[in-house]
Amino acid sequence: MKRNWLLGLACTALLIGSKAEACTGLLVGKNASADGSVIISYAADSHTLFGELYHWPAREWPAGSMLEIREWDTNKPLGQIPQVARTYSVVGNMNEHQVAITESTFGGRRELVDTTGIMDYGSLIYVTLQRAKTAREAIRIMTDLVAEHGYYSSGESFSIADKNEAWIMEMIGKGPGRKGAVWVAIRIPDDCIAAHANQSRIHRIPFDDKENCLYSPDVVSLAREKGYFKGKDKDFSFADAYCPADFGALRGCEARVWSFFQKYDPAMKKYVAYIKGESKEPMPLYVKPDRKLTVQDVQQCMRDHFEDTEFCMTEDAGAGPYAVPYRWRPMTFKVDGKEYTNERAIATQQTGFVIVPQMRNWLPDAIGGILWFGVDDANTAVFVPMYCAITGVPECYRHGNGSMTELSWTSAFWIHNWVANMAYNRYSHMIRDIRPVQEELENGFRDLQPAIEKAAAEMYARNPEEAVDFLTWYSCSQAEKATARWKKLGEYLLVKYIDGNTKREANGKFLDNGYGLSASPEFPGYSEEYYRSIVESAGERLEVK
């Protein structure tokens, strides 16, 4: 797909989620985090999304300027809207005021899509980031935009956060010829965590809590009109009315939310029955964790494959001989006329980019907002700090440095895909070499952070522009360093594991035979479980007699 990258009068078109319907977002309130940060996350999962770092510089606009809106998924022109006088700088999914917005598509009732609308979900995110200083202002801007110009997409869940609070907003159209959308936004309590993963999650609406709940005035009446709901307002469920859950929604979507929650709330064990479709009691929108989360905790949660649960993806035959925690598409398959499903974990191979935005209210915005950014599968990504006020992006994340149809050896996306795709074939072996390098880089960023931010704060007190230049240099240099290190890792893995063997090592070097040639490698073979499966299917033919 050819894409246009026009800053200002045109929006970029990228496949982020609606066609793949496969994104995951986690949220952490400031009193649920270890240091008082508001933290959210997002995996932009799509089989056709190229991982790169978006950037819109701040800009003044002449009176009467118009902004062209193109559908984020297809680049299809949808119309124009008036431009505002000033737009803010945006890096990825965070702006210079520490406002961050992400999404996951839940789709919902198809008859509510209005193809005459102008604002699609992706344009809503990135246009709003250029205009909002707070999460509440972002909610107002997004809902005003769809009310005035129409909503083009299907149902969406949005994470909307700033340095003080985090919200989940869910939105769906009203159908052909009905401009606007019905929506509800609920503030996540500061001491709680929340998540959404391609299934509507808001059930009961606290209509009387005007401080922590916002909603469209027709959110219930439209459901009544359409025949989706007949009860009392107090019993209304947004999710049940506009996106009733089926087996796929429970097992492929709500299961991801459950996997996050159960790490921090032992009471979530009772909802196993819900995600299996054996109980109708839905999970809560948010839970209070039994311990506080760090940014590193959230990063690790984005690498989840249901480890230590009954849904663990490495403990059945589908994992193959090397315990691979992935299942290639399609999501379901049939054997002897009976349909089965593959597990769908938070970490998945088709991710374009993954982020963990961190917002801190005790620091100047330029220093307080960090977009921890990685490309490709979260499990084998490296989260690199991109400060929210930076004025440029590193070459390794730059648009045009490679594409989904053109490999570039200086593109972080392609370097990480190269390493990951090697690992998928020898996972249990290679992941042991990948993890130390991943930890080396991410721990290095964490260890440097206090000194970097102390220096930036001193510069900021003298000259904010100097601090921004410094943080731009730091962010870009660390991204290039991480990409170069990952390329070296890929070279190492290729040499070590070539042709199904494993080269012998000592003191960090591959052994030779004493005469300048490679020493004989190890032949690791397969696991006992895999050998047993071979015997069960072909033992009579293969038995040594």
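In the predicted model, Gly150 follows directly after helix α2 and adopts a positive phi of about 90°. The helix that precedes this glycine comprises the 15 residues 135–149, and at 1.5 Å a residue these should span 21 Å, a value with which the 21 Å separation of the end C-alpha atoms agrees. The buried residues of α2 are Ala135, Ala138, Ile139, Ile141, Met142, Thr143, Leu145, Val146 and His149. The general geometry of an α-helix is relevant to such a pattern, because with 3.6 residues a turn, residues three or four places apart point the same way.

Arg136 of the same helix is partly exposed, with a relative accessible area of 27%, and its side chain forms a salt bridge with Glu211 in which the closest N and O atoms are 3.2 Å apart. Since Arg136 lies in helix α2 and Glu211 in the loop between β15 (193–196) and β16 (213–215), the pair ties together parts that are 75 residues apart in sequence. Both residues also belong to a network of salt bridges that links Arg136, Glu165, Arg187, Asp190 and Glu211.

Across the whole structure, the search for salt bridges returned 36. One of them joins the side chains of Arg303 and Glu442, with an N to O distance of 2.6 Å. Arg303 is located in the loop between α7 (295–301) and β18 (332–335), whereas Glu442 is part of helix α10 (residues 427–462), so this contact ties together parts that are 139 residues apart in sequence. Both Arg303 and Glu442 are buried. A further salt bridge is formed by Arg327 and Asp316, whose closest N and O atoms are 3.0 Å apart; here Arg327 and Asp316 both lie in the loop between α7 and β18, at a separation of 11 residues. Arg327 is buried, with a relative accessible area of 10%, while Asp316, at 43% relative accessibility, counts as partly exposed.

Aromatic contacts were examined in the same way, and the search of the whole structure found 31 aromatic pairs. Among them is the pair of Tyr54 and Phe353, which is edge-to-face, with 5.7 Å from centre to centre and 90° between the planes. Tyr54 is placed in the loop between β3 (42–45) and β4 (55–56) and Phe353 in strand β20 (residues 351–359), so the pair ties together parts that are 299 residues apart in sequence. Tyr54 counts as buried because its relative accessibility is 1%, and Phe353, at 1% relative accessibility, likewise counts as buried. Tyr54 and Phe353 are also members of a cluster, linked by ring pairs, that contains Tyr42, Tyr54, Trp56, Trp72, Tyr126, Phe353, Phe373 and Tyr397.

Aromatic rings are also approached by charged groups. The charged end of Arg59 sits over the ring of Trp61, at 3.9 Å from the ring centre, and the charged end of Arg109 is placed over the ring of Tyr228, 3.9 Å from its centre. Gly227 is found in the loop between α3 (221–226) and α4 (238–242), where the residue is partly exposed, with a relative accessible area of 48%. Although Gly227 and Ala241 are 14 residues apart in sequence, their C-alpha atoms are 8.9 Å apart in space.

Strand β21 (residues 370–375) and strand β22 run antiparallel and are joined by 4 bridges, and within this pairing Leu371 has Met386 of β22 as its bridge partner. In a regular strand the side chains alternate between the two faces of the sheet. For strand β22 (residues 384–387) both faces are covered, with Val384 and Met386 buried on one side and Pro385 and Tyr387 buried on the other.

With regard to cysteines, the structure holds 0 disulfides. Cys23 is in no disulfide, and the nearest cysteine sulfur to that of Cys23, belonging to Cys253, is 11 Å away; Cys23 itself counts as buried, at 0% relative accessibility. Cys476 is likewise in no disulfide, the nearest cysteine sulfur being that of Cys396 at 8.1 Å, and Cys476 is buried, with a relative accessible area of 16%.

How values were computed: Residues numbered from 1 in each chain as written. Predicted model: local features only at pLDDT ≥ 70, side-chain atom pairs only at ≥ 80, totals over all residues. Heavy atoms only, no water. Helix = DSSP H or I, 4+ residues; strand = E, 2+ residues; numbered from the N terminus. Expected span 1.5 Å × (residues − 1). Buried < 20%, exposed > 50% of the residue type's maximum accessible area, 1.4 Å probe, protein only. Phe/Tyr/Trp six-rings, centres within 6.5 Å; stacked < 30°, edge-to-face > 60°. Lys NZ or Arg CZ within 6 Å of the ring centre and 35° of its normal. Pairing = 2+ DSSP bridges. Disulfide = S-S within 2.5 Å. Salt bridge = Lys/Arg side-chain N within 4 Å of Asp/Glu carboxyl O.
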